[in-house]
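Trainee: I would like to go through the labels on this structure one by one. Please set each value against its cut-off.

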Amino acid sequence: MLRQELNELLTQTGPGTSMGALFRQYWMPALLAEELPENDCPPVRVKILSERLIAFRDSDGRYGLIDEFCAHRGASLWFGRNEQGGLRCSYHGWKYDVTGQCVEVPSEPENSNFCSNVKLTGYPLVKVGDILWTYMGDPAKRPGLPEFEFVQVPPEQTFTSKRWQECNWLQALEGGIDSSHVSWLHSGALKTDPLFKGARGNQYNMKDLKPYFEVAEADGGLFVGARRNAEEGTYYWRITPWIMPSFTMVPPRGDHPVHGHFWVPIDDENCWVYTFDYHPVRPLTDAERQAMMDGFGVHSENIPGTYRPVRNKDNDYLMDREAQRRGEDYSGIRGIAIQDSSLQESMGPIVDRSKERLVPADSGIIKARQKLRKAAIALRDEGVTPPGVDPAHHRVRSAAVVLPREESFLEACRDAVTVTPGVPQASV
């Protein structure tokens, strides 16, 4: 169980909160690059950590992320005109550059310096890989750009998608470090999903429904190891890295691409899920990329023109009781991503953790909560930089391996969970 005050500390991420301050130490995904495809394209509404912002790309290709509302009368700049090097409010023509600096007030005399005293809140917005990243903390403490492997490999080796999830970021993240549910909730997908099926590790998942968990410290967070019985004298280990505050990488299966997630708080009751697939040493095939676009693997099929899943709480995720009865989908819901989000959203916008009853299989979740709490308090009270800020902490991999029973998973897999360019993932 988690006391209510601790639950509030971990789940509240708006301005002035301890966890909000923690998130502001990191570069976070703000948009997919595809959302601002060209210079002077339409601006995009962005809400992160309960702040309402506008993203745009100016005439010179520079990206901006600024306060949504004009400093004059508070009109939304989403209605603005993106032209001639800035975003102009449609109400009275006030114009802003990518930093939020006001550069023109048409009603002012030509020799007026009024503009120089008007500046909206603005955050850097930088393209790394398929994602536009922002840093919302103290500019003097801005860390180096992200170095996760999926944004470092060539474009033909990676794919990123995005979906809206209607619950707090933490209960979504906790599903990402919980390997025990795979043998149940995703059992149908292990047999049929084109980005999962055929791997030898799937057999171990289905034969041993009682994994044993070990959790090891990592520079940026944790390594969560789930151990299952394999052949005589061996164990099958699935090793999930969690990098603070909200990055997880799912252990691989065979030669399928490796995948994972970022959970970025929109506000306290919603989050964006940025989902990636990549292969360290080869291009994604056309079939793999199409499967990702169609919502297989850990991606979602979204309503056209939006990032809301087709299967959502308003239509009960298109649950099919007959498919559930036949065993095609354990929960009757199609798609690994939506199987997860349906149950995480079913807990309510913010789950009441004072009522839960945890078991040893939840050790990764328990350790992650402890690490988040300690980091948020240390930052608040002593100004201590949290784990995961240093880009060196990003250079991790997930792994799936079969080891002799006497071997420690982390000692045996140190190379496997470290990024080595040109070396394939450790997978079964």
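Mentor: Start with a definition. A charge sits over a ring if NZ of Lys or CZ of Arg is within 6 Å of the ring centre and within 35 degrees of the ring normal. Keep in mind that this is a predicted model.

Trainee: What makes Lys-162 a charge over the ring of Tyr-307?

Mentor: The charged end of Lys-162 is 4.9 Å from the centre of the Tyr-307 ring. The limit is 6 Å, so the distance passes. Lys-162 is listed as sitting over the ring, so the angle condition is met too.

Trainee: Which ring does Arg-45 lie over?

Mentor: Arg-45 lies over the face of Trp-78, 3.8 Å from the ring centre.

Trainee: Now ring pairs. How many aromatic pairs are there?

Mentor: The count comes to 17 aromatic pairs. One of them joins Trp-94 and Phe-114.

Trainee: Why is the pair of Trp-94 and Phe-114 called edge-to-face?

Mentor: The centres are 5.7 Å apart and the planes make 85°. Pairing needs centres within 6.5 Å, and edge-to-face needs planes over 60 degrees apart. Both conditions hold, so the label follows.

Trainee: What does the pair of Trp-94 and Phe-114 tie together?

Mentor: Trp-94 is in the loop between strand 6 and strand 7, and Phe-114 is in the loop between strand 8 and strand 9. The pair therefore ties together parts that are 20 residues apart in sequence.

Trainee: Are Trp-94 and Phe-114 buried, partly exposed or exposed?

Mentor: Trp-94 has a relative accessible area of 8%. Buried means under 20%, so Trp-94 is buried. Phe-114 has 33%. That value falls between 20% and 50%, so Phe-114 is partly exposed.

Trainee: Why is the pair of Phe-247 and Phe-262 called tilted?

Mentor: The ring centres of Phe-247 and Phe-262 are 5.0 Å apart, with planes at 55°. Stacked needs under 30 degrees and edge-to-face over 60; the rest count as tilted. The angle of 55° fits neither of those two, so the pair is tilted.

Trainee: Where do Phe-247 and Phe-262 lie?

Mentor: Phe-247 lies in strand 16 and Phe-262 in strand 17, so parts 15 residues apart in sequence are tied together. Phe-247 is buried at 2%, and Phe-262 is buried at 5%. Ring pairs also link both into a cluster with Trp-133, Phe-148, Phe-150, Phe-276 and Tyr-278.

Trainee: What is noted about the backbone of Asp-316 and Tyr-317?

Mentor: Asp-316 has a positive phi of about 55° although it is not a glycine. Phi of Tyr-317 is near 60°, again in a residue other than glycine. Asp-316 is in the loop between helix 8 and helix 9, and Tyr-317 is in the loop between helix 8 and helix 9 as well.

Trainee: How do you know whether Asp-316 and Tyr-317 are buried or exposed?

Mentor: Asp-316 is at 53% relative accessibility. Exposed means over 50%, so Asp-316 counts as exposed. Tyr-317 is at 10%, so it counts as buried.

Trainee: Which residues does the cis peptide bond join?

Mentor: Met-244 and Pro-245, with omega about 0°. Pro-245 is in the loop between strand 15 and strand 16.

Trainee: Last, what do domain 1 and domain 2 bury between them?

Mentor: About 1100 Å², 60% of it on carbon and sulfur atoms. In domain 1, Leu-32, Lys-47 and Asp-130 lose the most area to domain 2.

Terms used: Residues numbered from 1 in each chain as written. Predicted model: local features only at pLDDT ≥ 70, side-chain atom pairs only at ≥ 80, totals over all residues. Heavy atoms only, no water. Phe/Tyr/Trp six-rings, centres within 6.5 Å; stacked < 30°, edge-to-face > 60°. Helix = DSSP H or I, 4+ residues; strand = E, 2+ residues; numbered from the N terminus. Buried < 20%, exposed > 50% of the residue type's maximum accessible area, 1.4 Å probe, protein only. Buried area = accessible area lost by both parts, 1.4 Å probe.
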